[in-house]
Amino acid sequence: GRRQMLLHRRACGRAYADRTDILMLRAWVAIKRGLAGLFDFQGRSSRTDFWFYAIFVALIAFGFWSVVMSMELTRTFGDINQYAAQNPDKVTVSAGPGGYSVSIKDGAAGVGPDFGYLLNWITAIAVVSIGLLAAASVRRLHDTNRTGAWILLPMPFLFGGLWLMALVFQDFNSASEPDFGWFFMGFANNLIYMATLGFVVFLLLRSGTAGENRFGRRDMDEES
């Protein structure tokens with residue numbers, strides 16, 4: 001009884017390890033295919049290949065953004081601490097469990113996050129991510145027998161949103177009474193962007209057509 005239980009547990013452990021190895025191998029192959037096909041807008045890509053590759057790109061983008069945010073927050077906190085040391089009468093520090101907050105009376109020009117800098121990084125990361133995913137997305141749509149032009153649907157709202165965000169930051173930094181019209185326009189634009197992006201993701205999640213379609217035949221070694 002006990003010996004059989006131990007053997008069963010070992011067998012389950014080996015089976016789990018084998019499944020994990022197979023999954024990692026599939027992911028690695030999918031990522032290599034995605035990178036190799038950066039400029040290949042022809043043919044088809046399976047759902048499995050595309051999503052392994054898309055998750056890889058998303059993780060890289062998130063990693064870069066985390067580094068940028070961390071560096072900017074470190075710089076901001078350093079500026080705030082320096083301003084607090086030089087102007088103790090204008091700064092109130094409130095300590096609490098797990099952290100503290102700093103309130104600056106009447107504000108302080110130049111103290112705080114550089115939103116223009118962050119927006120430039122957001123734009124750069126978005127452009128690079130789109131470049132990495134464009135061809136793979138087109139091939140994935142081809143696999144569902146749809147034109148790759150569908151990936152263009154959210155683009156005007158993405159870059160329109162970035163432009164509106166720049167206007168909002170500029171207005172809040174320069175105007176004594178900010179115009180909230182830009183903010184609400186950006187909010188409405190972002191809602192449309194999320195809706196169009198969600199629709200494209202829905203298309204990318206659809207299963208591929210069996211056999212050959214108008215975009216050709218998928219490689220037989222690719223999973224659906």
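Start by selecting the buried residues of helix α2 in this predicted model: Asp49, Phe50, Tyr53, Ala54, Val57, Ala61, Val68, Glu72, Thr76, Ile80, Tyr83 and Ala84. Look at how the numbers are spaced as you click along. An α-helix has 3.6 residues a turn, so residues three or four places apart point the same way.

Now show the whole of α2, from 47 to 86. This helix runs for 40 residues and spans 58 Å from first C-alpha to last, close to the 58 Å expected at 1.5 Å a residue.

Next, pick out Phe50, Tyr53, Ala54 and Val57, then add Ala136, Val138, Leu141, Ile151, Val200, Leu203 and Leu204. You now have the largest nonpolar core, with 11 residues. Which helices supply at least two residues each? They are α2, α3 (115-143) and α5 (180-204), and α2 gives the most, with four. In soluble globular proteins, nonpolar side chains tend to be buried together.

Stay in the core and zoom in on Tyr53. Leaving out residues up to four places away in sequence, Tyr53 touches Ala30, Ile31, Gly34, Leu35 and Leu38, along with Leu132, Leu133 and Ala136.

For the last stop, hop over to Asp143 in helix α3. Is Asp143 buried or exposed? Its relative accessibility is 0%, so Asp143 counts as buried. Turn on the side chains and you'll find a polar contact of 2.7 Å between Asp143 and Arg140. Beyond its neighbours within four places in sequence, Asp143 is also in contact with Arg44, Ser45, Ser46 and Arg47, plus Gly208, Thr209, Asn213 and Arg218.

Technical notes: Residues numbered from 1 in each chain as written. Predicted model: local features only at pLDDT ≥ 70, side-chain atom pairs only at ≥ 80, totals over all residues. Heavy atoms only, no water. Core = buried A, V, L, I, M, F, W, Y, C linked by side-chain atoms within 4.5 Å. Buried < 20%, exposed > 50% of the residue type's maximum accessible area, 1.4 Å probe, protein only. Contact = heavy atoms within 4.5 Å. Expected span 1.5 Å × (residues − 1). Polar contact = N/O pair within 3.5 Å; in protein donor to acceptor, adjacent residues only side chain to side chain.
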